[in-house]
Amino acid sequence: MSQPSISIIRVPFGLGAGRPGSENGPDSIMKFGLAKKLAGLGYDVQADSSIRLPDGIRSPAGAKMKHVQEVLAVSGLLGEAVSKAVAGGRVPLILGGDHSIAIGSLAGLTRHYGKMGVIWVDAHSDLNTESTSPSGNMHGISLAVGLGLSHIKLKDIVEGAASIQAENCVIIGARDLDRDEKELIRSCGLTCFTMHEIDRVGIEKVVREALQIAGAGTDGVHLSFDVDSVDPIEAPGTGTPVRGGLSYREAHLLLELLSESGRITSADFVEVNPLLDRNNQTSKLAVELIGSLFGSRIL
Ligand SMILES: NC(=[NH2+])NCCC[C@H](N)C(=O)O
Ligand SMILES: [Mn+2]
Ligand SMILES: [Mn+2]
């Protein structure tokens, strides 16, 4: 069987984060050879799509959550682009940008996948809401929006979109959770494999269980990969780094196992911030990790 084709969708948008720079992530990842890498793995790659914030959109100053209008505008455009890729039989590979862009990805995907699993790989859980966010940064609420726990609803972003279900959702790599996020994780029915579980049982077992949770009885599995899941020693170029993350090999093995499963139908790679990077280490790592997701192997 021939490889599916991939639509790379660039989202140079960083207003959902607290510090500037992640808007330069997509161009940097492309510059370090992503399209060539995927073509070398045998894929037909479409890489001309880029989602830009339309002129003239500005949220009122002083609101608790920052840049809501900008996030909604980008989410709508991204959602339609993702939806178009899926309708055309292509695998959407979305390059952020900050993690608020996952709102647009999920909106576009759930128009097509009636029961979609989500694997959220992140140092954080992004489960704050308008009422609990300590920072007002939209990248900290994107998973809550996906689950239908925010005032912002996916169905208002893309027609025909719907919330994902907590029981098909799993977080991997968490180590920096706010108080209300912890409470929500305990009560809402999603599974969170923190770094503690990864240390105890190993990343292989965690990924197998994650695939069970996100993959059983679902018609698609979306991977949302926040590069801050990886330890800052390997991935320093990100806006909210947290010590104690995935090692270089744990991150690769996770993606190799997801690749082997054949279940991943779309992916986001977000929070690469070239302004904070050291010798482009994080952009280069992102290219490698995406390679592992799409079948690159050591031998
Ligand atoms: N996608 C991210 N890097 N999110 C960081 C979120 C940090 C913090 N929990 C907040 O709500 O602001
Ligand atoms: Mn995140
Ligand atoms: Mn994060």
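These notebook entries record what I looked up in a predicted model.

**Entry 1. The manganese site**

I began with the manganese ion (ligand 2) and asked which residues coordinate it. I found H99 through ND1, and D122, D126 and D226 each through OD, at 2.0 to 2.2 Å. Along the sequence, I noted the spacing of these donor residues as H-x22-D-x3-D-x99-D. I then looked at the manganese ion (ligand 3), which lies 3.2 Å from the manganese ion (ligand 2). D122 bridges the two ions.

I next located two of the donors of ligand 2. H99 sits in the loop between β3 (91-95) and α4 (102-110), while D226 belongs to strand β7 (residues 220-226), so this pair ties together parts that are 127 residues apart in sequence. I recorded both H99 and D226 as buried.

**Entry 2. The record for this site**

I consulted UniProt, where an unreviewed entry lists H99, D122, D226 and D228 under "binding site". I checked how these positions lie in space: they span 130 residues in sequence, yet no two of their C-alpha atoms are more than 10.4 Å apart, so they gather at one spot.

**Entry 3. Surroundings of H99 and D228**

I asked whether H99 is buried or exposed. Its relative accessible area is 0%, so I entered H99 as buried. Setting aside neighbours within four places in sequence, I listed its contacts as W120, D122, D126, H139, S142, S224, D226, V270 and E271. Of the donors of ligand 2, this list includes D122, D126 and D226.

I turned to D228, which is in the loop between β7 and α9 (248-261). D228 is buried too, at 1% relative accessibility. Not counting residues up to four places away in sequence, D228 touches D122, A123, H124, R175, T238 and T240. For A123, I noted that the side chain of D228 reaches its backbone nitrogen at 3.1 Å.

**Entry 4. The nonpolar cores**

I asked which residues have the most contacts inside the largest nonpolar core. They are L93, I119, I172, L223 and F269, in a core of 47 residues. Helix α8 (residues 203-215) gives the most to this core, with 7 residues. Another core, of 44 residues, lies apart from it and has V11, V86, A107 and I152 among its members. As background, I noted that nonpolar side chains tend to be buried together in soluble globular proteins.

I followed I172 further. Leaving out residues up to four places away in sequence, I172 touches I119, W120, V121, D122, F193, I198, I203, V206, A210 and L254. I marked D122 in that list, as it is the residue that bridges the two manganese ions.

**Entry 5. Helix α6**

I asked which residues of helix α6 (residues 179-188) are buried. They are E181, L184 and I185. Viewed down the axis of α6, the buried residues fall within an arc of 100 degrees, so they line one face of the helix. That buried set packs against β6 (191-194). On the other side of α6, I found R179, E183, R186 and S187 exposed. Just after the helix, G189 takes a positive phi of about 95 degrees.

**Entry 6. T110 in helix α4**

I looked up T110, which lies in helix α4. Its relative accessible area is 7%, which places T110 among the buried residues. I found a polar atom of its side chain 2.9 Å from the backbone oxygen of L106. The side chain of T110 also reaches the backbone nitrogen of A162, at 3.1 Å. Beyond residues up to four places away in sequence, I listed M116, L154, G160, A161, A162 and I164 as touching T110.

**Entry 7. N128**

I closed with N128, in the loop between β4 (116-121) and α5 (142-146). N128 is buried, with a relative accessible area of 4%. I noted a polar contact of 2.8 Å between the side chains of N128 and T132. With residues up to four places away in sequence left out, N128 touches S133, P134, G140, I141, A144, D178 and E181. E181 had already appeared among the buried residues of α6. Lastly, I compared N128 with A87, which is 41 residues away along the chain: their C-alpha atoms are separated by 31 Å.

Definitions and conventions
Residues numbered from 1 in each chain as written. Chains lettered and ligands numbered in written order. Predicted model: local features only at pLDDT ≥ 70, side-chain atom pairs only at ≥ 80, totals over all residues. Heavy atoms only, no water. Donors = N, O, S within 2.8 Å, 3.2 Å for Na, K, Ca; no water. Helix = DSSP H or I, 4+ residues; strand = E, 2+ residues; numbered from the N terminus. Buried < 20%, exposed > 50% of the residue type's maximum accessible area, 1.4 Å probe, protein only. UniProt positions renumbered as here; feature names shortened; annotations may be inferred. Contact = heavy atoms within 4.5 Å. Polar contact = N/O pair within 3.5 Å; in protein donor to acceptor, adjacent residues only side chain to side chain. Core = buried A, V, L, I, M, F, W, Y, C linked by side-chain atoms within 4.5 Å. Arc of directions from axis to C-beta.
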